[in-house]
Amino acid sequence: FMVQAILSTEPITASSKLFEKCMSALLDICGNNSLPFEQRVLGLNILRALFRHNQLGEVVMPHCAHGLKIAIRGFSSSAWGIRNSSTLLFSALIMRIFGVQRLRDMELISIKNKMQGQIFFVRFPDLFKFLLEQLEVASHEVYHPSLYPILLVLNRLYSNKETLDRVHLDAFLPYMEFFLSNPSHKIRNLAAQATASLIEINKLPHAVVSTIVSLTDATISNNYCHGLLQKVSRHTLLGHKSTNLLEGKFNKMNIK
């Protein structure tokens with residue numbers, strides 16, 4: 001808090017040299033695995049305090065992408081202190097980027113706590129490649145520590161009808177489909193929820209029908225069956241907000 005107090009006294013301008021120098025040093029420390037454990041934990045805790053501080057809200061935003069990378073990587077650390085500090089930093093970054101959670105149920109995210117995928121990746125372009133790379137790594141392990149925070153981020157994005165936005169968000173859908181069969185109940189739920197968040201509303205009817213057809217396969221595992229049911233449930237909840245649109249689409253497909 002001493003560092004926070006010192007930095008908050010500097011006039012907030014586009015060229016806050018003291019703040020930028022401090023943030024650069026902290027991010028380098030936290031991202032350097034060769035440094036002593038205690039030094040990195042201290043750096044993570046200072047970063048969390050800075051990202052949470054309301055007075056520094058505008059000047060910390062350009063550093064959120066770098067901070068999010070460090071936090072997500074920290075979930076995979078072998079040291080408990082690093083993992084613990086990384087989870088706290090991740091929570092602070094989610095609040096800074098998407099706002100304070102307005103609903104008590106963490107699985108029901110208010111639209112006010114979400115962001116269009118296009119806007120998110122314009123603000124933080126480095127995260128698009130990073131998230132895809134982390135998902136690729138996680139797909140080769142049963143329980144990868146970074147998977148949970150990544151799904152939490154993707155659950156806070158939503159799509160629109162812009163072509164560029166669809167190009168971005170569609171890249172995540174194959175991974176979400178893969179994680180529907182994950183042994184972890186929580187991961188399956190989050191993957192199903194993320195699929196509903198990322199899919200374009202016009203594609204919902206086809207997605208629901210395709211999922212139901214997959215459920216008729218007697219050879220699928222129980223985990224995958226549960227994941228598909230969760231996917232249908234999430235898609236149905238999303239489609240309930242656009243009932244007229246979905247009814248028209250289903251009628252064209254001769255589905256009742």
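**Exercise 1.** In this predicted model, decide whether serine 146 is buried or exposed.

*Solution.* Start with the cut-off: buried means under 20% relative accessible area. Serine 146 has 0% relative accessibility, so this residue counts as buried. Next, place serine 146 in the chain: the residue lies in the loop between α8 (126–138) and α9 (147–154). Then list what serine 146 touches: leaving out residues up to four places away in sequence, these are Ile72, Phe75, Ser76 and Gln134. With glutamine 134, the side chain of serine 146 also makes a polar contact of 3.3 Å.

**Exercise 2.** Find which residue forms a salt bridge with lysine 231, and state where each partner lies.

*Solution.* The partner of lysine 231 is glutamate 177, and their closest N and O atoms are 2.7 Å apart. The pair links distant parts of the chain, 54 residues apart: lysine 231 belongs to helix α14 (residues 222–240) and glutamate 177 to helix α11 (residues 173–178). Now compare each relative accessible area with the cut-off of 20% for buried. Lysine 231, at 9%, is buried. Glutamate 177, at 25%, is partly exposed. The count of salt bridges comes to 1.

**Exercise 3.** Check the span of helix α12 (residues 185–198) against the expected value, and state how many of its residues are buried.

*Solution.* The expected span is 1.5 Å times one less than the number of residues. Helix α12 has 14 residues, so it should span 20 Å. The end C-alpha atoms of α12 are 20 Å apart, which agrees. As for burial, 12 of the 14 residues are buried, so α12 is mostly covered. Among the buried residues are Ile187, Arg188, Asn189 and Leu198.

Key:
Residues numbered from 1 in each chain as written. Predicted model: local features only at pLDDT ≥ 70, side-chain atom pairs only at ≥ 80, totals over all residues. Heavy atoms only, no water. Helix = DSSP H or I, 4+ residues; strand = E, 2+ residues; numbered from the N terminus. Buried < 20%, exposed > 50% of the residue type's maximum accessible area, 1.4 Å probe, protein only. Polar contact = N/O pair within 3.5 Å; in protein donor to acceptor, adjacent residues only side chain to side chain. Contact = heavy atoms within 4.5 Å. Salt bridge = Lys/Arg side-chain N within 4 Å of Asp/Glu carboxyl O.
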